[in-house]
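Q: Could we go through the backbone of this model together? I would like to start with a term that the loop descriptions depend on.

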Amino acid sequence: MDYNDVKRMVLEEVDPVLKQKKKKEKMKMRILTAAEFLALIVVIIVVLYLLVGTSTISGNSMYPTLHDGNKVIYLRINQEVQRGDVVSIKMADGSVFVKRVVAVAGDNVSIQQGKVYINGNELEDETAYGETVTDGSQEYPLTVEEEHYYVLGDNREVSEDSRSFGTVSKDQIQGKILFYFGKISR
């Protein structure tokens, strides 16, 4: 520091007008920094809301993969859904289901003697628990329409899924499950 810098600092400390001006500038900088930080937080929240969503598992239809009360995070973008993906589905009545995609557009689905067949081949699904029975509300074999998916819960004996409400459209898919919070059981 040179002499002029020291002189200015001493004057700022003893001159009440300069001291008040410096105090106001510091307060202005703090408010500006806080506003920038809050704006950044709002932008992050909005971007995250547009990119990801959450659902809560209700019931045991996805057991043993997911359990009642687990929270799942799904990706809203990238709607390229494939067989085996676990997705969040919003129904017309507003209810939300989390199910596994077992068939995509053009696939032929049949359920016989507790087993699922896709395009004539038995579905080898290590995540399935129990027998896959039908309630008679769907006729088999069925062909999955364009931009639709056939979904099943992993716990086949208690799941409400495409066997009762039919195929789901691409528009009903909220997103693919990225990860979940809860106990891991395999």
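A: Strands here are DSSP runs of E with at least two residues, numbered from the N terminus. The model is a predicted one.

Q: Fine. Where does Glu-147 lie, then?
A: Glu-147 is in the loop between strand 8 and strand 9 (148-152). Its phi is positive, about 60°, although Glu-147 is not a glycine.

Q: And how exposed is Glu-147?
A: Glu-147 is partly exposed, as its relative accessible area is 48%.

Q: What about phi of Gln-113?
A: Phi of Gln-113 is also positive, near 50°, and this residue is not glycine either. Gln-113 sits in the loop between strand 5 (108-112) and strand 6 (115-118).

Q: Why does Gln-113 count as exposed?
A: Because its relative accessibility is 79%, and exposed means over 50%.

Q: Switching to omega: which residues does a cis peptide bond join?
A: One such bond joins Tyr-140 and Pro-141, with omega about 0°. Pro-141 is placed in the loop between strand 7 (121-122) and strand 8 (142-143). The peptide bond from Tyr-63 to Pro-64 is cis as well, with omega near 10°, and Pro-64 belongs to the loop between strand 1 and strand 2.

Q: Now the sheet. What is the strand order?
A: The order is 1-2-11-3-4-9-10 in an open sheet of 7 strands, with antiparallel pairing. Strand 1 (52-56) and strand 10 (168-169) are the edge strands, each pairing on one side only.

Q: How many bridges join strand 1 to strand 2?
A: There are 5 bridges between these antiparallel strands. Gly-53 stands opposite Tyr-74 in strand 2.

Note on methods:
Residues are numbered from 1 along each chain as its sequence is written. This is a predicted model: local features need pLDDT of at least 70, side-chain atom pairs count only at pLDDT 80 or more; totals for chains, interfaces and linings use all residues. Side-chain values use heavy atoms; hydrogens and water are left out. Two strands pair if DSSP finds at least two bridges between them. Helices (H or I, at least four residues) and strands (E, at least two) are DSSP runs, numbered from the N terminus. Buried means under 20% relative accessible area, exposed over 50%, partly exposed in between (1.4 Å probe, protein chains only).
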